[in-house]
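Trainee: I have a model open and would like to know how each label in it is earned. Could we go through the terms one by one?

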Amino acid sequence: MHRNIFKMALLAVLVFGLSAVAAAQMALDLDLAPGDQNKRETQVKPGDMITAELVAVKGASGAIGFEVEIAFDEKEVIFKGFNPGGLMSGAVVVPPQKTPTGLKISAARLGGGGGADDSGTLGQVLLELAKELPHETVVKLVGGSYGTAQGTQKFALEGGIKLLMGDAPPPGPPPPGGP
C-alpha cells in the first residue's frame with residue numbers, strides 16, 4: 001500500500017516537473033510588434049543590421065530573469081547587443097558568454113518581483129551580417145531558462161530565424177522586351 005502511494009506521488013512529481021519544463025518556451029521573431037507574430041525568415045543583404053525580438057511564448061509568469069543560448073556561424077553573423085524590454089524592462093544585461101556555437105544572453109531585474117504575464121517580449125537581439133554570405137544563414141535557439149523566486153526552470157529550445165540572401169530579383173513576369 002505504502003509502495004503504491006510512493007509510486008503515485010513520484011509519478012505526480014515527475015509529470016508536474018515535465019509539464020513545468022515543457023511550458024517554458026521562447027522564440028525569435030523578426031516582426032518587432034509586441035508578442036510573437038511567428039515571422040521566422042526574411043530577405044537580407046550582406047552587411048545588414050538585423051533586429052529580432054526575443055519573445056517568451058509561455059512559462060514566464062513570475063520570471064525575474066532569463067538566460068537564452070543562441071547558435072550561429074560567427075563568420076556570417078556578428079552579435080551586436082541585447083536591449084531588454086517588455087517583461088524585462090529595466091533588467092540588467094550580463095555581458096554575453098561565448099559558447100562553442102554562439103553565445104548566451106542573460107538578464108535579470110534587480111530587486112526581484114517577477115511579473116504576472118506568462119508571455120510577452122523579453123527584448124531585442126541586435127545582429128550584423130557579414131559582408132559575404134551564403135544563400136542563407138540561421139540563428140538558432142538552443143536552450144533557455146527563466147529565473148523566479150522559486151528557482152530556475154531550464155528548457156531546451158528549437159527553432160530560430162532564417163536570413164535569406166535577397167540580391168536576386170523577386171519572381172515575376174519577365175521585363176518588357178524578353179529576358
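Mentor: Gladly, and let's start with accessibility: buried means under 20% relative accessible area, exposed over 50%, and partly exposed in between, with a 1.4 Å probe and protein chains only. The model is predicted, so local features need pLDDT of at least 70 and side-chain atom pairs count only at pLDDT 80 or more, while totals for chains, interfaces and linings use all residues. Residues are numbered from 1 along each chain as its sequence is written, and side-chain values use heavy atoms, with hydrogens and water left out.

Trainee: Why is Pro96 called partly exposed?

Mentor: Its relative accessibility is 41%, and partly exposed lies between the limits of under 20% and over 50%, so Pro96 counts as partly exposed. Pro96 is found in strand 6 (residues 92-99); strands here are DSSP runs of E with at least two residues, helices are runs of H or I with at least four, and both are numbered from the N terminus.

Trainee: Which residues does Pro96 touch, leaving out those up to four places away in sequence?

Mentor: They are Phe79, Leu103 and Lys104, where contact means heavy atoms within 4.5 Å. Pro96 and Phe79 are 17 residues apart in sequence, with their C-alpha atoms 9.3 Å apart in space.

Trainee: What makes Thr137 buried?

Mentor: Its relative accessibility is 4%, and buried means under 20%, so Thr137 qualifies. Thr137 is found in strand 9, and its contacts beyond four places in sequence include Leu129 and Ile161.

Trainee: What joins the side chains of Thr137 and Glu76?

Mentor: A polar contact of 2.4 Å. The term asks for a pair of N or O atoms within 3.5 Å; within protein, one must be able to donate a hydrogen and the other to accept it, and residues adjacent in sequence count only if both atoms are side-chain atoms.

Trainee: How do you know that strand 1 and strand 3 pair?

Mentor: Two strands pair if DSSP finds at least two bridges between them. Strand 1 and strand 3 (residues 49-58) are joined by 5 bridges and run antiparallel, so by that definition they pair. One of the partnerships sets Met26 against Ala56 in strand 3.

Trainee: In what order do the 4 strands of the open sheet come?

Mentor: The order is 1-3-8-5, with antiparallel pairing. Strand 1 and strand 5 (77-84) are the edge strands, each pairing on one side only. Between strand 3 and strand 8 (residues 120-129) there are 8 bridges, and Met49 stands opposite Glu128 in strand 8.

Trainee: Why is strand 1 described as largely enclosed by the rest of the structure?

Mentor: Of its 5 residues (25-29), 4 are buried, so the description follows.

Trainee: Which residues have the most contacts inside the largest nonpolar core?

Mentor: Leu54 and Phe66, in a core of 37 residues. Such a core is a set of buried Ala, Val, Leu, Ile, Met, Phe, Trp, Tyr and Cys residues joined through side-chain atoms within 4.5 Å. Beyond four places in sequence, Phe66 is in contact with residues including Met26, Leu54, Phe82 and Leu122.

Trainee: Is Asn38 buried or exposed?

Mentor: Exposed: its relative accessible area is 53%, and the term needs over 50%. Asn38 is found in the loop between strand 1 and strand 2 (41-44), and its phi is near 65 degrees, a positive value in a residue other than glycine. Most residues other than glycine have a negative phi.
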